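Thanks for making the time this morning. I would like to go through one structure with you, starting from the overall fold and then turning to a few individual residues.

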Amino acid sequence: MSAARAIVVDANILIRLVLGSAVRELVLAHVDAVEFFSPAECFEDARRYLPDLLQQRGIDPAVPLAVLDQFEAIIHPLEESVYVAVREEALARIETRDAGDWPILAAAMVLNCPIWTEDQDFFGTGVATWTTDRVRLYLTGSETP
C-alpha cells in the first residue's frame, strides 16, 4: 500500500457516495493520501438497495449505479479470503449488535485501520470508527491521539 493511511468503507457510505456529493468529494479529495477499501459484499449490498432508493426519489438508477462502478477503482473491493482468518474474532466482537457486519470489522482488523460508517453497531468493537461529519480529521491526519 503506497498511501500512509487506510480506511474501510461501510455499505452505507457507498450508498451515500451515490446519493449525495459529500462522500464523493471527500474520497476524491483524499485519494492520493488514503487507501480506501470495502468488502466486496458491501458493494453488492449497495447495488441491491440503491435501485429502490433511487426510484423512490424519481431517479433512474442507471447513472448512479455507473458512478458506484467507477468508484470500485478507488474504493478497493476486498474478497472474503483477505479477512476470513479473523472471522471468529470479528464475530465475537460484533455478533450481539449485527453479526452481518463482521466482514467490515474483519477487514478493518486485518488492515489495522478504522471504519468509515454511520452504523453505531461498530462502536465498542475495538476498532476506531469515523462518521462522515468527522472523517475529514482522519483523512487529513488531523485527529488527535
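Before I count anything, let me say that helices here are DSSP runs of H or I with at least four residues, and strands are runs of E with at least two, both numbered from the N terminus. Please also keep in mind that what you see is a predicted model.

With that in hand, the protein has eight helices and five strands, and if you follow the chain from the N terminus, the order of the elements is β-α-α-β-α-α-β-α-α-α-β-β-α.

As for overall dimensions, the C-alpha atoms fit in a box of roughly 40 × 30 × 25 Å along the principal axes. A compact globule of 145 residues would be expected to have a radius of gyration near 15 Å, and the value for this protein, 15 Å, agrees with that. Among the contacts with a separation of 6 or more, 66% join residues that are 24 or more positions apart.

Turning to the surface, the accessible area is about 7500 Å², and carbon and sulfur atoms contribute 48% of it. The protein carries 11 positive and 23 negative charges, and the mean positions of the two sets lie 6 Å apart.

What about the interior? Of the 145 residues, 45% count as buried. In soluble globular proteins, nonpolar side chains tend to be buried together. Here the largest nonpolar core holds 48 residues, and the members that touch the most others are Ile7, Val27, Phe36, Ile75 and Trp116. Helix H7, residues 102-111, supplies the largest share of this core, with seven residues. If we take Val27 and set aside neighbours within four places in sequence, its contacts are Leu17, Phe36, Phe71, Ile74, Ile75 and Trp116.

Let me now pick out two hydroxyl-bearing positions, beginning with Ser38, which sits in strand E2, residues 34-39. Its relative accessible area is 0%, so Ser38 is buried. Beyond four places in sequence, Ser38 is in contact with Val9, Leu14, Phe43, Ile75, His76, Pro77 and Leu78.

And where is Thr125 found? Thr125 belongs to the loop between strand E4 (115-116) and strand E5 (129-130). Because its relative accessibility is 4%, and the cut-off for buried is under 20%, Thr125 counts as buried. Not counting residues up to four places away, Thr125 touches Arg93, Ile94 and Leu105, while its C-alpha atom is separated by 13 Å from that of Pro103, 22 residues away along the chain.

How values were computed. Residues numbered from 1 in each chain as written. Predicted model: local features only at pLDDT ≥ 70, side-chain atom pairs only at ≥ 80, totals over all residues. Heavy atoms only, no water. Rg over C-alpha atoms; globule rule 2.2 N^0.38 Å. Buried < 20%, exposed > 50% of the residue type's maximum accessible area, 1.4 Å probe, protein only. Contact = heavy atoms within 4.5 Å. Areas by Shrake-Rupley, 256 points an atom, 1.4 Å probe, with all protein chains shown as cover. Lys, Arg positive; Asp, Glu negative; His and termini not counted. Charge placed at Lys NZ, Arg CZ, Asp CG, Glu CD. Core = buried A, V, L, I, M, F, W, Y, C linked by side-chain atoms within 4.5 Å.
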